[in-house]
Amino acid sequence: MSTTAWITTLQFAGVNALFALSIYATLWTGVLSLAPIFFGAVGAFTFGYLAGTVGLSPFLGLVLGVVLGAALGALTAALVIRLDSHYLAMATIAMVLIGRVLVVNLTELTGGAAGTLVPGELGTWLWLIGCLVVAGYVLARLAKSRFGMAADAVREDAAVAQTLGISPRRIQLVGFVISGAFGGAAGVMQASFLQYIGPDTFYTHLGFVTLAAVVLGGAFHWAGPIVGAIVFTILPELLKDVMGEYDRVVTGVLLVVIIIFVPRGLVDLRRVRLLRARSRQDPPRAGDDSARPTAPQEVTA
Amino acid sequence: MSSPTRSAPDAGVVPDAGAPSAVSIVDLTKSFGGLKAVSEVTIQVPTRRIHGILGPNGAGKTTVLNMVSGFIQPDKGSISVFGDEVTGLSPHQIARHGVARTYQNIRLFAGMTVLETVAAGAYLKRSSTIPGAIFFSPSERRERREVRDRATDLLRQVGVRAEPDALAETLSYGDQRRVEIARALATEPRVLLLDEPTAGMNDAESHEIGELLLELRGSGLTLILIEHNMRLVEEFCESVSVMNSGAMLAQGAPSWCLEQDDVKEAYFGKRSDAARIATLRRARRGPGGS
Amino acid sequence: MELLAQQLVNGIALGSVYALFAIGFALILARMGILNVAHGTFATWGALSSYWLVAERGVDFWIAALVGIAFAGLLGVLSDVLAFAPLRKRNAGMFAPIIASIGIWIVLLSMAEAFAGPTTKSYPVAAVPATPIQIGGLIVLPAHLMSIAALVIVVTVVHLLLNRSRFGSAVRAVSVDPRSATIVGVDARRTLLAVAFLAAAIAGLAGVLAAFSDNNVSFGLGEALLLKGFAAVVVGGYGDIRGAAAVGVAIGVLEVLSSQYISSGFRDAITFGVLLFVLVVRPQGIFGERQLVRA
Ligand SMILES: Nc1ncnc2c1ncn2[C@@H]1O[C@H](COP(=O)(O)OP(=O)(O)OP(=O)(O)O)[C@@H](O)[C@H]1O
Ligand SMILES: [Mg+2]
């Protein structure tokens, strides 16, 4: 692969990382949602439309993407948070599918099936890294905050979290707002790099890749999605030479393999802590690879 | 209908006319499918009382606790905490009324350290905002320090010996139960519900828990505990409710209750003789206590 | 009046395909606790494989349809063996199966795209039954008749199978608790595989019928069904397959009538409008309780 091709690939890895962080923001609160792809689409097409019609500046476009995304996140949360988690996940997948229907049919605003052109001023390393740093910083700061610990608790055991006075829906609403802001920004950045967006730009494939990135990198620490996005964007490029058009198949297979064998992803603080605890207590035993130490069993008659 | 519940005259289970009970449970009823898990149970627990709920397996004790903490909704009856009706509220609202609890089958958060687990319990007591956290304001920093110190104190108070940065799920069984108590205490409750806090502990450890209960009561808490260890109940509980098959058998002073024939019968079957009771009392101390 | 009756028949036929798809989707959700987003690709592969047999291999339409259905069922079994069973064994929680099913979706969708190419295809005219049938004053296409008949048969058979047979009680026991089911002598493994096969095969049937009704085969066929099937399950619930089936039919009728009397552009919008409305107003579903996990 040529150097320019590598640079382009890395840039898309960065945008995917931004989407992945958006997925992480809700997953952190125990909600599996692909809505970020929809938030991204709304941000990008709004940006494209306003840049084309009233000459909105790219920076304002980015700000608008964040604000619009956050508002949509809150709205989505208000609509779907009461649902059983299966329905919730499916409802957000439906949002992505419906998003495409909207793009195709709202020809006036989106350019319909032909798509639309978008200014590319923001499509630079500086803006990309800037967005990632801000997103990463926000998540890192929130990690051990009041919100962050509540989010951890809700994800691990929502019922127990409730008895600590935490309202899961409230935490998940905040998760959706953060997710929306990141998703909107990611959409505007994606559009700026591509300079062209169409019905398939923000569709299932993008959703798959970013979700795979979160799962691979690890959904239990904010660094996970970034690591995962980089690996998952570069890997198919490397495989393209070998696999040709089947490179997506590898993405799918990997997703299944990871969720079975490394369910907590590459960046897993818990594993680190377990290893540390084990090395502190006794010398490592050979062949001991049980991931979870069995807690003493409750005896019930 | 079962026979009316008998209660000891001097046990204080009948509410005072004036002060509201810490926890007042009236006519609580819950069925699962056809099974009546709890039927018309009434319990009044005055403030600063250590109250035990006893009964054989499947008596409905945990179900009562689940209803008080809002985990499950009763079919009938009402629950109030310090005079405030909490029936039908969700668990997080009930927690805001000052009710905290532990679990029979320990429920710690996977992946969290001991310190983090307890700090997570401090949610209600923290006031920091999301912008404050993002910009790492001075008040945010102060609050984090305070939460850490408070959690450390609580861990010491309940007697957790493990490192604060150890994974909670890797601790010994007894320490896990103590971490759960610390997490509940971090919410600064007025009422603490404990579901078999000494299960799996030996005599010495159980006794420590008993001392802790006294200490907590001294600091103003009301405690309701489900307990199978009779010696502990007799030593530390001021009043008990004995349940069987969802119904209330007797309420009052522990020694009085355990003398009642139907209580003995529920626990030990019809032919109750002293020797069998003694053996069973030893066996009842819990699974890990051998 | 005649037009309305005709459109009703068309709508019921379209809705029957949605309903069939929804039945399989609901079956996996209710009995295995898996929200299988790869379900649409089972339908796609059922259609693609039967089309390939008819168009490229000159196989008889009916035989090809059966093979397509069986092939889809086989994909369902494979998914379970390779992805869901290992997760079940590890007690992996709720999200893991959804994520695994997304992985399967990617694999089967991109393979379908590679296999079928980007263009849509139609069955060779001579190979499929196409002569309209006159019933009363109505003209019914063979495809429509087949869809409606297939729905009636599948609903009846699956309902009886689940509620009146030994297999049904085994399925219920396993879906409540595989371990205790094993204790009372149910082969949990085989029961789950049978459910996986049944659900995916019904999806394959829906795929074949969808392709045949539209005379249009493409790799994206299952995606449209997935959305409609999801809507039917959300609104109709998944506890009783008859609820999802009834709503599936209603969605078909609504689509056909709205494109006839309002505007064809509104077709999808109306389905999703109904879906959104139900999600917001009655999150517990129209027919009541829909809680998968209890606290
Ligand atoms: N969520 C539930 N669904 C169905 N049945 C339940 C549920 N929770 C409890 N039960 C049933 O209700 C009855 C009372 O259970 P509960 O857990 O309250 O008993 P317990 O007194 O705590 O017993 P143990 O000493 O064994 O903990 C039991 O028969 C139990 O099987
Ligand atoms: Mg219990």
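Colleague: How do you know that no contact joins chain B and chain C?

Modeller: In this predicted model, the closest C-alpha atoms of chain B and chain C lie 7 Å apart. A contact needs heavy atoms within 4.5 Å, and no pair between chains B and C is a contact. Two pairs of chains do touch, and of these the pair A and B has the most contacts.

Colleague: What makes Thr62(B) and Gln104(B) donors of the magnesium ion, ligand 2?

Modeller: The atoms are OG1 of Thr62(B) and OE1 of Gln104(B), and they lie 1.8 to 2.1 Å from the ion. The cut-off for a donor is 2.8 Å, so both atoms qualify. Water is not among the atoms, so sites may look incomplete.

Colleague: Why can this pair be said to tie together separate parts of chain B?

Modeller: Thr62(B) is in helix α1, residues 61-68, while Gln104(B) is in the loop between β7 (99-101) and α3 (114-120), so the parts tied together are 42 residues apart in sequence.

Colleague: Are Thr62(B) and Gln104(B) buried or exposed?

Modeller: Gln104(B) has a relative accessible area of 15%, under the 20% limit, so Gln104(B) is buried. Thr62(B) is at 23%, between the limits of 20% and 50%, so Thr62(B) is called partly exposed.

Colleague: What makes Thr113(B) buried?

Modeller: Thr113(B) also belongs to the loop between β7 and α3 of chain B, and its relative accessibility is 6%, against a limit of 20%. Beyond four places in sequence, Thr113(B) touches Pro164(B), Asp165(B), Ala166(B), Leu167(B) and Ala168(B), along with Arg273(A) from chain A. In chain B, 56% of the 290 residues are buried.

Colleague: How confident is the predictor in chain B?

Modeller: The mean pLDDT of chain B is 86, and 86% of its residues reach 70 or more. Residues 286-290 stay under 50, and for that stretch the model has eight contacts beyond four places in sequence.

Colleague: Why is Val31(A) called buried?

Modeller: Its relative accessibility is 3%, and the limit is 20%, so Val31(A) counts as buried. Val31(A) sits in the loop between α1 (3-27) and α2 (35-53) of chain A. Leaving aside neighbours within four places, its contacts are Thr26(A), Leu88(A), Gln172(A), Phe176(A) and, from chain C, Phe95(C). Val31(A) and Phe176(A) are 145 residues apart in sequence, with 9.0 Å between their C-alpha atoms.

Colleague: Why is α7(A) called roughly perpendicular to α9(A)?

Modeller: Helix α7 (residues 146-156) and helix α9 (residues 168-194) of chain A pack at about 110°, with axes 10 Å apart. The range for roughly perpendicular is 65 to 115 degrees, so the term applies to α7(A) and α9(A). The contact involves Phe147(A), Ala150(A), Ala151(A) and Val154(A) on α7(A), and on α9(A) residues including Ile171(A), Gln172(A) and Ile178(A). The crossing of α7(A) and α9(A) is left-handed.

Colleague: Why are α11(A) and α12(A) called oblique?

Modeller: Helix α11 (residues 223-243) and helix α12 (residues 247-261) of chain A cross at roughly 130°, and their axes come within 9 Å. That angle is over 115 but not over 145, so α11(A) and α12(A) are oblique to each other. Their crossing is right-handed. Among the residues that meet are Phe232(A), Leu235(A) and Leu239(A) in α11(A), and Val250(A), Leu254(A) and Ile258(A) in α12(A).

Notes: Residues numbered from 1 in each chain as written. Chains lettered and ligands numbered in written order. Predicted model: local features only at pLDDT ≥ 70, side-chain atom pairs only at ≥ 80, totals over all residues. Heavy atoms only, no water. Donors = N, O, S within 2.8 Å, 3.2 Å for Na, K, Ca; no water. Helix = DSSP H or I, 4+ residues; strand = E, 2+ residues; numbered from the N terminus. Buried < 20%, exposed > 50% of the residue type's maximum accessible area, 1.4 Å probe, protein only. pLDDT = per-residue confidence, 0-100. Axes fitted to C-alpha atoms, helices over the stretch in contact; angles between N-to-C directions. Parallel < 35°, antiparallel > 145°, perpendicular 65-115°, else oblique. Left-handed = near helix turned anticlockwise from the far one by under 90°.
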